[in-house]
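Me: Please consider the structure shown below. I shall ask about its ring contacts, charge pairs and strands in turn.

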Amino acid sequence: MERMRLLLTGLLLAFLPAALYAQTSSIRAKVLDAVTGKPVEYADAIVKAESGDVSSDGAVIATGIVLDGSLDIEKIAPGEASLHLLMIGYEPLLMPLTLQKGKTLDLGTIMMNPSAETLDGAVLAGEKNPVTYKLDRQSISASAAVTASGGTALDILSTSPSVQVDAEGNVALRGSSSFLVYVDGKPSPLEGAEALQNIPAATVDNIEVITTPSARYKTDGDAGIINITTKRSRESGWSGLLSTSGSNQGTYSLDAVLNYQAGSHNFYFGGTKQEIKSRSDFHQEKTTDVSGVQTKSIADGERLTNSITNTLKAGWQYNDGTHHNLSLDFLYGMTKRWRGGDMSYEVDRNYHGVDHAFWIAAHPLHDEYDSRDRYSNSKDLFQAALGYVWTINSRSSVILSNRFRYDSFSREYTESNMIDKSGERQEGTRGYEDEHHWDCDGSLTYKLSYGENGHFESGYQYTTYSEHGNFSFKEWDSLKKDFFWRDDIYNDFYYRRQVHSLYAMADDRIGRFSYDVGVRADRVLDYTDITIEGTSRDIKRFDVFPSAHASYDCGKAGTLSAGYSYRTIRPGIWNLEPYITYEDYYTRKIGNPDISPQYIHSAELTWRKSLRGGNSVALTGFLRRSTDVTDWVRRPYAPGITLDSLVNAGNQTEKGLEVSAVLKPTKWWSTTVNGYLFDLDFMSACELCSDRSSWTYQANWINTFSVFRDMKAQLDAHLVGPKVLSQGDEKAYAYADLALRKPLLKDRLTLSLVSRDVFHTARYYSTRYADGLLSVTRIRPKYPNILLGITYNFKSSKHKSSAVTSDLFDGQGF
């Protein structure tokens, strides 16, 4: 009898959950953007026991979240109910439900419309959520960044919680400036901040920041990947966009694109012509003690940067809607980026331990000079890209891509001049590095869907980069009053880097849990042939890089996600150059052919939640551990002269917290608060560096106002925290930008006005020190800096305004 009782109890416990489950209902649906047709990500789904207004307090009986456009909610009490879909940037959606016991209600495809608000009788286009989060990335909306009007992709990024624009306009992600730039999923022909500066904001739809990239992506860069998604017309016939902007500091930009859609074929043609200028007041005090001569120099003047881009682009895409999707893209043009300074120098010398008479005759105790230094990098480039997707069936596809770039001519030019107060040249140099570049990368990928939500993919990727050229140098002969060639410095060089990669990825969604895992193997071949004795190298490396991401929908408690990635920073081939180049007469640089790659473990944990009224909050904790950190260190080289060289400075650990909150206190005001706080511990392995530990921070406060009718105003406040360097530190500073944007002619024409550093509070202050060296630098941008932007588009309501950016400071590297 006891045995029978236990058996019945066991059967009851085994079948009770199934019996209870049979008494409940479930729903499923596909959720798409009504304009773009793309899957909606991370919309909140709430099931209430009775239908009603979205803001009503009816009993919540189930919750869920839309992942990759799919909605699945189980274990719902049967009966009459209502489904509420909520997401910032979209109209709230209400749908009545009739749920039956033990059955799944298939709602089919649900289309969510971009939001619109009514104010003073005018309809305002709803702004997208400034930052949205996906499994392995955050997506930054270009349309939400009003202060980017008249600007570039670099200005859009400044609104991200992870991004900092440093003193020379370079981008740092969580403190690192090493990242890859992609445009529409393809590698950019330019790199880093230069690539971002050459993409007008008017052409950008959104920017994805991937801080822990999965194994399918290249492993270069500890900060991850920035992928810029550009606007593409989806309308039949002709459409296009024309944008132009200019500033009181001489910056201008003109960008145009024309698109034609006919059935399965799409053609586009466009071009960009821009010149980005920035100017800063510069002050530097540098003290060196070398060979018994203590030299203190004080430099005062102006530093300048100028970035010129003239490009043409064209492309064709064929998509039959079933099996074949083929695209061809071409880019041709030139880029030139130069920087320089016009300075007044005062130099004081103190001689100890040397023949005073000899040195004073050549270098008096006190000197005054005027200095003029210039650096430029010019390129004539061509790029072609091919992409092909073969959809074999509903579960498998093959993807082929290839990109080729050729720089028919590239020249790096450096110039330094020292003129005394009588107008006579005392010192001078000229450096010329003439090169030809070509690089190519491609991939072959197979994708397979399994189960209901699972995917597997594997592939081969390759990258090859080569350049050959020569470096020549001449300097001033004060006796002959002429320049002479330094034959001992001249050299020819050939560089080649090849990376061959195999990778495999798997991802799936099981109920509320989503994940992906992957592994990548890289074979790197570096070859350098340089005429300088002992500097040629033939290096081979093999590395394995794993990655993993997971996400769990916690219902009303929000969404929890985690990510891990192992990455590397391989020094650019140009960092291996073992010869001295000049930033100015008193600042010189040299590469290192024996520099080792930096390796990085990155991990993060994120909680995010959408709240009522279009509000949301996200918290991310992150950890980054780096070995063989590469950095430029400064040392005294000669009396009054310093040399910057690339070294493996040591190991570094960074850990911190990142916060992002989107609030809408009223119908006419929305505000976003972004910030991070992190601790940096640096352990030196270089005699010129020292162990450092400090906390640093950054905060952005972005306020968008509906002024009247459809005019928008935006005030952005930025606080940039102090930064620890391997040889010193940088102080904190703050600045604010103000912008107005006004659409006209039914949104076809958009006018924008932007004032950078509107309160003139930006300051840059850095200190570097080492044995025999103390260098203090102060920089302040010129004021005012006002930009006017105009954008016109036809047959497409998707296009927004744009602008030209400029570096906040100039001269950080001096």
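Me: Which residue lies over the face of Y375?
Reply: A charge is taken to sit over a ring if NZ of Lys or CZ of Arg is within 6 Å of the ring centre and within 35 degrees of the ring normal. At Y375 the distance from the ring centre is 4.2 Å. The residue over the face of Y375 is R339.

Me: At what distance from the ring centre of W476 does R425 lie?
Reply: R425 lies over the face of W476. Its distance from the ring centre is 5.1 Å.

Me: On what basis were these values obtained?
Reply: This is a predicted model, in which local features need pLDDT of at least 70 and side-chain atom pairs count only at pLDDT 80 or more, while totals for chains, interfaces and linings use all residues. Residues are numbered from 1 along each chain as its sequence is written, and side-chain values use heavy atoms, with hydrogens and water left out.

Me: How many bridges join β22 to strand β23?
Reply: Strands (E, at least two residues) are DSSP runs numbered from the N terminus, and two of them pair if DSSP finds at least two bridges between them. Strand β23 covers residues 366-393, and β22 and β23 run antiparallel. Within this pairing, G340 of β22 stands opposite R374 in β23. The number of bridges that join β22 to β23 is 25.

Me: Which residue forms a salt bridge with D342, and what parts does the pair tie together?
Reply: A salt bridge requires a side-chain nitrogen of Lys or Arg within 4 Å of a carboxyl oxygen of Asp or Glu; here the N to O distance is 3.3 Å. D342 lies in strand β22 and its partner in strand β23, so the pair ties together parts that are 32 residues apart in sequence. The partner of D342 is R374.

Me: Is R374 buried or exposed?
Reply: Buried means under 20% relative accessible area, exposed over 50%, and partly exposed in between, with a 1.4 Å probe and protein chains only. D342 has 33% relative accessibility and counts as partly exposed. R374 has a relative accessible area of 14%, so R374 is buried.

Me: What N to O distance separates D441 and R403?
Reply: The structure holds 34 salt bridges. One of them joins the side chains of D441 and R403; D441 lies in strand β25 (residues 425-450) and R403 in strand β24 (residues 396-420), so the pair ties together parts that are 38 residues apart in sequence. Both residues are buried. The N to O distance between D441 and R403 is 2.5 Å.

Me: Which residues are linked with R403 and D441 in a network of salt bridges?
Reply: Side chains of opposite charge can pair when their charged atoms come close. The network includes R403 and D441. The residues linked with them are K218, R405, D407 and D439.

Me: How far apart are the closest N and O atoms of D737 and R756?
Reply: D737 is buried at 7% relative accessible area, and R756 is buried at 10%. The closest N and O atoms of this salt bridge are apart by 3.8 Å. D737 lies in strand β42 (residues 733-744) and R756 in strand β43 (residues 749-756), so the pair ties together parts whose separation in sequence is 19 residues.

Me: What is the angle between the ring planes of F471 and F473?
Reply: Rings of Phe, Tyr and Trp (its six-membered ring) pair if their centres lie within 6.5 Å; planes under 30 degrees apart count as stacked, over 60 as edge-to-face and the rest as tilted. The structure holds 18 aromatic pairs. F471 and F473 form a stacked pair, 6.4 Å centre to centre, and the angle between the planes is 25°.

Me: Which residue joins Y413 and Y432 in a cluster?
Reply: Ring pairs link Y413 and Y432 into a cluster with a further residue. That residue is W485.

Me: Which residue takes a positive phi in the hairpin of β21 and β22?
Reply: Strand β21 (residues 293-319) and strand β22 (residues 324-351) pair in the antiparallel sense over 27 bridges. K313 has L331 in β22 as its bridge partner. The hairpin has four residues between the strands, and the residue with a positive phi near 80° is G321.

Me: Which strands stand at the edges of the open sheet β3-β2-β5-β6?
Reply: The four strands of this sheet pair in the antiparallel sense. Each edge strand has a single partner strand, so one side of each is left without a neighbour in the sheet. The edge strands are β3 (60-65) and β6 (93-99).
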